[in-house]
Amino acid sequence: MSTKSTEERVSALESWAFQTGRDLSEVKAVQGEHTNRLAAMDERLTGMDERLVRLEYGVGLLLDHHGIQRPQP
């Protein structure tokens with residue numbers, strides 16, 4: 001069993017800390033990309049919701065105009 005000197009231990013800890021910092025940086029970058037994608041998807045869904053509301057309104061007007069009773073869900 002080999003005994004490490006204090007200098008070797010400090011060097012190993014510094015190396016580990018540096019690698020951990022790089023790993024955390026990569027994780028944060030990926031997390032940022034996912035957050036941006038989710039925000040874009042949320043924005044797209046919001047637009048689709050607004051479009052659906054307008055379509056439902058328009059279909060309702062057409063049904064009313066032609067005297068057709070709206071189906072109940």
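The expected span of a helix is 1.5 Å times one less than its number of residues. Let's put that rule to work on this predicted model.

**One long stretch**

How many helices and strands does the chain have? There is one helix, and there are zero strands. Helix 1 covers residues 6–65, which makes 60 residues, so the rule says it should span 88 Å. Its end C-alpha atoms sit 87 Å apart, in agreement with that figure.

Now look at the chain as a whole. Its C-alpha atoms fill a box of roughly 90 × 20 × 10 Å along the principal axes. The globule rule gives 11 Å for 73 residues, but the radius of gyration here is 30 Å, well over that, so the chain is more spread out than a compact globule.

**What's on the outside**

Buried residues make up just 3% of the 73 residues. The chain exposes about 7,300 Å², and carbon and sulfur atoms supply 59% of that area. As for charges, the chain has 9 positive and 12 negative ones, and the mean positions of the two groups are 3 Å apart.

**Just past the helix, and a charged pair**

Right after helix 1 comes G67, which takes a positive phi of about 70°.

Side chains of opposite charge can pair when their charged atoms come close. How many salt bridges does a search of the whole structure find? The search turns up one. The partners are R70 and D64, with their closest N and O atoms 2.8 Å apart. To count as a salt bridge, the nitrogen and oxygen must be within 4 Å, so this pair makes the cut.

Are these two partners buried or exposed? Here's how each one scores:

| Residue | Relative accessible area | Class |
|---|---|---|
| R70 | 41% | partly exposed |
| D64 | 46% | partly exposed |

Partly exposed means between 20% and 50%, so R70 at 41% fits the class, and so does D64 at 46%.

Conventions: Residues are numbered from 1 along each chain as its sequence is written. This is a predicted model: local features need pLDDT of at least 70, side-chain atom pairs count only at pLDDT 80 or more; totals for chains, interfaces and linings use all residues. Side-chain values use heavy atoms; hydrogens and water are left out. Helices (H or I, at least four residues) and strands (E, at least two) are DSSP runs, numbered from the N terminus. The radius of gyration is taken over C-alpha atoms; the globule rule is 2.2 Å times the number of residues to the power 0.38. Buried means under 20% relative accessible area, exposed over 50%, partly exposed in between (1.4 Å probe, protein chains only). Accessible areas come from the Shrake-Rupley method with a 1.4 Å probe; for residues, only the protein chains shown count as cover. Lys and Arg count as positive and Asp and Glu as negative; His and the chain ends are not counted. The place of a charge is taken as NZ of Lys, CZ of Arg, CG of Asp or CD of Glu. A salt bridge is a side-chain nitrogen of Lys or Arg within 4 Å of a carboxyl oxygen of Asp or Glu.
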